[in-house]
Amino acid sequence: MIPSAGVPKKRQRTTAARRSSSTVGTISSVSDVTLTEISQNPHRPSPMVDDSPSPMADDRSSSSTDEALHFNDAVTADVVLRLFMDSPSPLQSSPTTTATATADCVSNSDFHVYLHSDILRRSKYFSALLSDRWIGHVQAPDHASSADGNLFRLNLGVPPATGSIQLHLTVLELLYTNDFVAVVDSASTALDLLPVALELLFEECVRWCVDFLEAVPWTEEEEKRVERLIPFLSEEESKELVARVSPSREDSCEAMLEGLVSSAMNSYGNTAFVKAFVGKILRDLSSRDTAKRVLEKAFSRSLKTVKESLEDYSSPVFRGDHNETEAIQRLNLHKASTNGKHLLWLVERMIELRVADVAVREWSEQACFTADLQRAFRDDAWRNIVPGLPAVILRCTCRLANAVSAGTILASRQVRRKLVEDWLPVLVACKDNVSPISPSNKSLYLELEATFLRIISTLPLSDAQELLQRCLSFSTRNVEDCPHLVTAFNTWFRRAARPLKPDSLFDQ
């Protein structure tokens with residue numbers, strides 16, 4: 001029997017593996033004797049699949065061939081199979097399931113189907129039941145003279161877990177027709193028939209259903225059914241199914257994500273759509289730790305590329321003619337700009353998933369990088385080559401600084417201080433050297449200024465005193481146009497004006 005839930009250990013498909021909790025099969029010439037009763041007699045031998053056929057088969061007319069035998073043909077049949085819905089034991093099912101099964105038994109009357117022993121032997125289960133060893137112990141001599149003595153009567157209880165009587169009839173008819181192509185026409189049908197084929201040890205049907213399932217797509221529900229059936233298949237039979245639903249390595253998800261992130265940044269002309277899709281994959285991923293590791297690796301690689309490109313541009317090695325040197329410089333700037341855009345996308349994804357703590361720490365430890373940026377921005381060459389580079393770098397800084405000031409990322413005092421200390425000069429260099437200032441850039445500068453001032457307000461007075469003095473460049477011709485700067489200094493002076501005694505803080 002194939003249970004509807006759980007993953008039992010894999011077992012050989014033998015008659016011994018059949019259901020022990022229900023009436024399995026019965027054989028007699030007139031009255032029914034259950035297989036369970038037979039198995040309870042220790043002196044009776046076990047059924048063997050390779051036993052010789054029953055003498056009853058030899059008594060049939062020699063002119064009767066498999067082609068002349070038809071499913072449910074009462075005229076030529078030598079076996080009558082009684083199918084009935086078999087209720088599970090109370091230990092195997094809930095009261096609701098038992099009540100349902102009982103209702104099925106009432107609503108589905110016993111179904112008798114006329115079959116042929118020669119055909120049934122294609123099923124190893126029936127082959128064992130019809131073998132000499134079974135028949136010799138089941139058939140009583142005093143029954144031989146009865147009117148239907150040439151008919152074998154078998155009982156087969158159909159447990160609800162393996163499907164309906166109709167499914168059993170379909171599999172039994174396949175013993176006659178072999179028309180698997182017409183019958184197994186969908187994954188759902190294959191999944192319906194496979195438990196019955198496994199139950200009856202009909203190997204050809206099992207192989208066909210498994211091969212069909214290997215070749216077609218599944219719905220999510222069908223996949224769950226496949227996973228429940230895999231333990232009942234041999235290792236060879238289930239190999240392809242297992243490969244389809246089980247990872248081949250522990251870090252499969254991480255490796256897949258790394259490939260997606262890399263492809264989104266490097267492998268497509270129109271990266272915007274691809275990046276949006278990969279962003280959704282990252283958001284929907286169940287393991288945030290996996291997304292964090294993948295994004296951190298990609299962030300470090302992109303940051304390293306941007307830093308190396310700016311370093312090569314700021315400190316070039318002049319070899320060859322002027323045109324070659326200029327071409328190399330252009331290449332360095334383009335590489336820095338392209339990877340800077342990737343870096344911005346990664347920063348936004350990390351902040352969105354709240355896994356940007358490592359990125360903030362790394363960004364705050366870039367004294368050499370920020371020095372190279374200042375040198376590069378004071379040069380005029382980048383204006384005609386990559387005019388958007390300063391804005392891309394400042395947007396990365398602004399996204400991370402905003403996350404820190406908002407508490408989305410909990411950064412230490414040292415990280416907060418270094419973030420402002422190292423990147424404030426880059427902001428000043430951009431304001432001084434990027435002209436004309438577009439409305440979008442002006443908005444970016446003001447946002448970053450305000451964010452830096454908010455972070456400074458979280459630092460001790462001594463740190464804030466040092467950093468605020470470097471923010472005077474935020475001032476404008478009209479003092480009313482820089483309220484964020486006015487507020488920051490007012491806050492500092494209000495705190496600094498308090499008495500030195502700590503107890504006085506609580507007297508306000």
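Helix axes are lines fitted to C-alpha atoms over the stretch in contact, and the angle between two of them runs from 0 to 180 degrees between N-to-C directions. This report applies that to one helix pair in a predicted model, then turns to the cores and to two backbone outliers.

**Overall content**

The protein has 24 helices and four strands. Of its 508 residues, 43% count as buried. Among contacts between residues at least 6 apart in sequence, 78% join residues at least 24 apart.

**Helices α7 and α9**

The axis of α7 (residues 165–177) comes within 9 Å of the axis of α9, and the two cross at roughly 65°. Angles of 65 to 115 degrees count as roughly perpendicular, so α7 is roughly perpendicular to α9. The crossing of α7 past α9 is right-handed. On the α7 side the contact is made by L167, H168, T170, V171 and L174, and on the α9 side by D192, L193, V196, A197 and E199. By class, this contact has six nonpolar, two polar and two charged residues.

**Nonpolar cores**

The largest nonpolar core holds 75 residues, and W363 and W423 touch the most other members. Helix α20 (residues 389–405) supplies the largest share of this core, with 10 residues. A separate core of 52 residues lies apart from it, with L129, L156, L169 and I230 among its members.

The surroundings of W423 can be listed in more detail. With neighbours within four places in sequence left aside, W423 is in contact with W363, Q366, F369, T370, L373, I393, T397, K418 and F452. W363 thus appears both as a contact of W423 and beside W423 as a residue that touches the most other core members.

**Positive phi values**

Most residues other than glycine have a negative phi. Two residues of this model are set out below as exceptions.

| Residue | Phi | Loop | Relative accessible area |
|---|---|---|---|
| N72 | about 60° | between α2 (55–58) and β2 (79–85) | 35% |
| L201 | near 55° | between α9 (187–199) and α10 (203–215) | 3% |

Neither N72 nor L201 is a glycine. N72 is partly exposed, whereas L201 counts as buried. The cut-off behind that statement is a relative accessible area under 20% for buried residues, so L201, at 3%, falls in the buried class. The loop of L201 lies between α9 and α10, and α9 is also the helix that α7 crosses at roughly 65°.

Conventions. Residues are numbered from 1 along each chain as its sequence is written. This is a predicted model: local features need pLDDT of at least 70, side-chain atom pairs count only at pLDDT 80 or more; totals for chains, interfaces and linings use all residues. Side-chain values use heavy atoms; hydrogens and water are left out. A nonpolar core is a set of buried Ala, Val, Leu, Ile, Met, Phe, Trp, Tyr and Cys residues joined through side-chain atoms within 4.5 Å. Buried means under 20% relative accessible area, exposed over 50%, partly exposed in between (1.4 Å probe, protein chains only). Contact means heavy atoms within 4.5 Å. Angles under 35 degrees count as roughly parallel, over 145 as roughly antiparallel, 65 to 115 as roughly perpendicular and the rest as oblique. A crossing is left-handed if the near helix is turned anticlockwise from the far one by less than a right angle, and right-handed if clockwise. Ala, Val, Leu, Ile, Met, Phe, Trp, Tyr, Cys and Pro count as nonpolar, Asp, Glu, Lys and Arg as charged, and the others, Gly among them, as polar.
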